[in-house]
Amino acid sequence: MTNDAAPLATIRNFTFDELRIGDRACVERIPSREDVHLFSVLAGDPAAQAVEGDAPLGEGQSSLALGMCVGTWLAGLLGTRLPGPGAVYVSQALRFLAPLTIDDRVTVAVEVKARNPATRRVTLGCTCTGRGGQLLIDGEVEVIAPDRSIERARTALPEIHVDPGTSDG
């Protein structure tokens with residue numbers, strides 16, 4: 001199964017028994033300065049907030065916060081598409097190979113690499129690619145796949161805005 005980045009009106013999981021080696025899902029994102037700033041605020045990193053919020057990022061320049069934004073998009077992909085709702089995150093190992101840049105489209109993808117029927121643990125390879133298919137991040141995640149089907153309507157996420165005049169870090 002390939003599960004691409006089409007919008008989901010309904011979120012449905014894939015149980016351990018439905019998952020096959022090679023099953024894949026991906027999502028595309030365009031990271032923004034607001035993404036980096038919000039992540040910095042959530043992480044409680046006032047130094048990153050100041051750098052990301054006030055100083056321009058140069059051509060090809062990345063940030064720690066931007067790289068970790070991909071980790072959150074990866075978690076969202078695992079929780080909504082493959083395996084989907086009911087999956088339990090066990091571990092993650094990511095290698096950051098090249099800088100991510102603001103306003104450049106990236107594709108975050110996962111692919112089933114191994115299954116353990118005794119524990120329902122599934123190992124998924126994960127990648128983040130950028131312009132021209134350049135590999136920016138690669139790694140592996142392990143989840144415990146759900147044992148029952150879950151299907152639900154997708155709920156709208158709230159809009160979140162950071163007031164740059166406050167500093168709670």
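**Exercise 1. Glu18 and its partner**

Task: In this predicted model, is Glu18 buried, partly exposed or exposed, and which side chain does Glu18 meet in a salt bridge?

Solution.
- Step 1: Look up the accessibility. Glu18 has a relative accessibility of 30%. Buried means under 20% and exposed means over 50%, so Glu18 counts as partly exposed.
- Step 2: Find the partner. The side chain of Glu18 meets that of Arg12 in a salt bridge, with 2.8 Å from N to O.
- Step 3: Check the partner in the same way. Arg12 has 32% relative accessibility, so Arg12 is partly exposed too.
- Step 4: Recall the background. Side chains of opposite charge can pair when their charged atoms come close.

**Exercise 2. More charged pairs**

Task: How many salt bridges does the count come to, and which parts of the chain does the pair of Glu28 and Arg105 link?

Solution.
- Step 1: Start with the total. The count comes to 7 salt bridges.
- Step 2: Take the pair in the task. The closest N and O atoms of Glu28 and Arg105 are 3.3 Å apart.
- Step 3: Place both residues. Glu28 sits in strand S3 (residues 24-29), while Arg105 belongs to the loop between strand S4 (88-96) and strand S5 (106-116). With their positions 77 residues apart, the pair links distant parts of the chain.
- Step 4: Add the accessibility. Glu28, at 39%, is partly exposed, and Arg105 is partly exposed at 46%.
- Step 5: Try another pair. Lys113 and Glu111 form a salt bridge in which the closest N and O atoms are 3.9 Å apart. This distance passes the cut-off of within 4 Å. Lys113 is partly exposed at 47%, and Glu111 is partly exposed at 26%.

**Exercise 3. The two sides of helix H1**

Task: Which residues of helix H1 (residues 33-43) are buried, and which are exposed on the other side?

Solution.
- Step 1: List the buried ones. They are Val36, His37 and Ser40.
- Step 2: See how they are arranged. These residues cover an arc of only 95° around the axis, so they lie on the same side of H1.
- Step 3: Link this to helix geometry. An α-helix has 3.6 residues a turn, so residues three or four places apart point the same way.
- Step 4: Turn to the other side of H1, where Glu34 and Leu42 are exposed. For Glu34 the relative accessibility is 62%, which is why Glu34 counts as exposed.
- Step 5: Look past the end of the helix. Just after H1, Gly44 has a positive phi of about 70°.

**Exercise 4. A cavity and a core**

Task: Which residues line the largest cavity, and which helix gives the most to the largest nonpolar core?

Solution.
- Step 1: Count and size. There is 1 cavity of 30 Å³ or more, and the largest has a volume of about 40 Å³.
- Step 2: Name the lining. It consists of Val70, Leu74, Leu94, Val108, Cys126, Thr127, Cys128 and Ile137.
- Step 3: Sort the lining by class. There are 7 nonpolar residues, 1 polar residue and no charged ones.
- Step 4: Ask where they come from. Helix H3 (64-80) and strand S6 (121-129) each supply at least two lining residues, and S6 has the largest share, with 3 residues.
- Step 5: Move to the core. The largest nonpolar core has 30 residues, and those touching the most other members include Leu82, Val108 and Cys128. H3 gives the most to this core, with 7 residues.
- Step 6: Compare with the general picture. In soluble globular proteins, nonpolar side chains tend to be buried together.

**Exercise 5. Backbone surprises**

Task: Where is the cis peptide bond, and what is phi of Asp103 and of Arg120?

Solution.
- Step 1: Know what to expect. Most residues other than glycine have a negative phi, and most peptide bonds are trans.
- Step 2: Find the cis bond. The bond from Leu82 to Pro83 is cis, with omega near 0°. Pro83 is in the loop between H3 and S4.
- Step 3: Check Asp103. Its phi is positive, near 70°. Asp103 lies in the loop between S4 and S5 and is exposed, at 57%.
- Step 4: Check Arg120. Here phi is near 60°, again a positive value. Arg120 lies in the loop between S5 and S6 and is partly exposed, at 29%.

Note on methods:
Residues are numbered from 1 along each chain as its sequence is written. This is a predicted model: local features need pLDDT of at least 70, side-chain atom pairs count only at pLDDT 80 or more; totals for chains, interfaces and linings use all residues. Side-chain values use heavy atoms; hydrogens and water are left out. Buried means under 20% relative accessible area, exposed over 50%, partly exposed in between (1.4 Å probe, protein chains only). Helices (H or I, at least four residues) and strands (E, at least two) are DSSP runs, numbered from the N terminus. The arc is that of the directions from the helix axis to the C-beta atoms. On a 1 Å grid over the protein atoms alone, a cavity is a set of points where a 1.4 Å probe fits but cannot get out, and a pocket is an open set with protein on both sides within 12 Å along at least five of seven lines; lining residues have an atom within 4 Å of a point. Grid points are joined across faces, edges and corners, and a volume is the space filled by probe spheres set on the points. Ala, Val, Leu, Ile, Met, Phe, Trp, Tyr, Cys and Pro count as nonpolar, Asp, Glu, Lys and Arg as charged, and the others, Gly among them, as polar. A nonpolar core is a set of buried Ala, Val, Leu, Ile, Met, Phe, Trp, Tyr and Cys residues joined through side-chain atoms within 4.5 Å.
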